[in-house]
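Q: I'd like to learn how to read metal sites, pockets and burial in a model. Can you walk me through one?

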Amino acid sequence: MQTLNRQKTIYAFSAANEPALRVSPGETVTLETYDCFTDQIQSADQEVAQIDWNQINPATGPVFIEGAKPGHALKVTIDKLEIGSQGVMVTGPDLGVMGHRMEKMESKIVPIQDGKAVFSENIRLPLNPMIGVIGVAPEGEPVSCGTPGAHGGNMDTKEINEGATLYFPVFTEGALFAAGDFHAAMGDGEVSVSGIEVPGRVTVTFDLEENLHLNYPLLVNDGGIALLVSAMTLDEAVKTATEEMIDFLLPHTDLSVSEMTMLMSAACHVQISQVVDPLVTVRFFVPRHILDSLDVRLSG
Ligand code: CA
Ligand code: ZN
């Protein structure tokens, strides 16, 4: 199994990036990552404003998957996700939902101890190691690793964790996959602008689905499936995610659009991933029992 170390870093997803590694479908690789600040914040007394803000959201890669072509879907299974022993959080003026109440940039070191994130002496949080930035090269212009989109990127979705499978639309030869920005835990919304940011190591297996045509990343886990849609506003993201999911499921059934919409309304969920990145991200979630009823099968 090949390992890609964290010196192989991109700051934007782009078709022009040189591959750091080439793999065949079916191969498993391990990627090592810095945290989203390139590990620049190591102690509580450090001035956050003084770090190099050009080194934000590094993603390890890109990995060229042989045979991947525009129109395919790249299947990425997260086999294992390991995180470092110290996390960091930040917030500040004009950042996140509460930025208007902040007077200066602040950071907080959050040690990871005994399977918990130690927020303070008496507040210990359960871990949910997850990946903030994960995706493929986009169509057209490069997209900064800080911005999410149809190619994935900074989706900050807490379901992107060990055991999950993601399908990305492929826009360029080889797909050019990369990942970074791991969180020890994060709440839906990511309201301060950061999760508990940690370095780490992820092991993923790649496959190609030549007949799965997606416009947005699709997440599959034990619970069900979710389309991950990023847009300028929550209104727009909710509308697109709902409509895309309905259009994705309709060909599998003999339901009318109105019946399918009622089914979605009765049993499926609009959920918010994050509201703090340059585009917001929502997911439209369909539970496994609905997929079973509709006889929709996706491996994951
Ligand atoms: Ca992020
Ligand atoms: Zn992050």
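**Metals, pockets and burial**

A: Sure, let's start with a metal: the calcium ion (ligand 1) takes its donors from N154 (OD1), D156 (OD), D156 (OD) and D181 (OD), at 2.2 to 2.5 Å. Keep in mind that this is a predicted model.

Q: How are the donor residues of the calcium ion (ligand 1) spaced in sequence?

A: The pattern reads N-x1-D-x24-D. N154 sits in strand β15 (residues 152-154) and D181 in strand β17, so this pair ties together parts that are 27 residues apart in sequence.

Q: Are N154 and D181 buried or exposed?

A: Both N154 and D181 are buried. The cut-off to keep in mind is that buried means under 20% relative accessible area.

Q: Which residue bridges the calcium ion (ligand 1) and the zinc ion (ligand 2)?

A: That's D181, and the two ions lie 3.2 Å apart.

Q: Then what coordinates the zinc ion (ligand 2)?

A: Its donors are D181 (OD), H183 (NE2), E197 (OE) and E197 (OE), at 1.9 to 2.5 Å. Along the chain, the spacing is D-x1-H-x13-E.

Q: How do I read the geometry around that ion?

A: Start from the ideal: four tetrahedral donors have angles of 109.5 degrees at the metal. Here, the four donor atoms around the zinc ion (ligand 2) subtend angles of 56 to 141°, which makes the arrangement irregular. To pass as tetrahedral, all angles would have to lie between 85 and 135 degrees.

Q: Where in the chain do H183 and E197 lie?

A: H183 is in strand β17 (residues 177-183) and E197 is in strand β18 (residues 197-198). The pair links distant parts of the chain, 14 residues apart. Both H183 and E197 are buried.

Q: On to pockets. What's the general idea?

A: Rolling a probe the size of a water molecule over the atoms shows where empty space is left. In this structure the largest pocket holds about 320 Å³ of space.

Q: Which residues lie nearest the centre of the largest pocket?

A: Those are I56, N57, N154, V193 and D277, out of 21 lining residues. By class, the lining of the largest pocket splits into nine nonpolar, seven polar and five charged residues. N154 is also a donor to the calcium ion (ligand 1).

Q: Which domains does the lining of the largest pocket draw on?

A: Domain 1 (2-44 + 53-209) and domain 2 (218-290) each give at least three residues to the lining.

Q: What volume does the second largest pocket have?

A: About 240 Å³. It is lined by 19 residues, and M89, F119, S192, S194 and G195 are the closest to its centre. The elements giving two or more residues to this lining are β8 (86-91) and β9 (106-113). Sorted by class, the second largest pocket is lined by eight nonpolar, seven polar and four charged residues.

Q: Back to burial, with single residues. Is T30 buried or exposed?

A: T30 is buried, with a relative accessible area of 4%. Its place is in strand β5 (residues 28-33). T30 and L176 are 146 residues apart in sequence and 15 Å apart in space, C-alpha to C-alpha.

Q: And how does L95 count at 25% relative accessibility?

A: L95 counts as partly exposed. You'll find L95 in the loop between β8 and β9. The C-alpha atoms of L95 and V191 are separated by 8.8 Å, with their positions 96 residues apart along the chain.

Technical notes. Residues numbered from 1 in each chain as written. Chains lettered and ligands numbered in written order. Predicted model: local features only at pLDDT ≥ 70, side-chain atom pairs only at ≥ 80, totals over all residues. Heavy atoms only, no water. Donors = N, O, S within 2.8 Å, 3.2 Å for Na, K, Ca; no water. Tetrahedral: all angles 85-135°; square planar, octahedral: opposite > 155°, others 65-115°. Helix = DSSP H or I, 4+ residues; strand = E, 2+ residues; numbered from the N terminus. Buried < 20%, exposed > 50% of the residue type's maximum accessible area, 1.4 Å probe, protein only. 1 Å grid on protein atoms, 1.4 Å probe; cavity = no way out; pocket = protein on both sides within 12 Å on 5 of 7 lines; lining within 4 Å. Points joined across faces, edges and corners; volume = space filled by probe spheres on them. Nonpolar A, V, L, I, M, F, W, Y, C, P; charged D, E, K, R; others polar. Domains from an automatic or database assignment.
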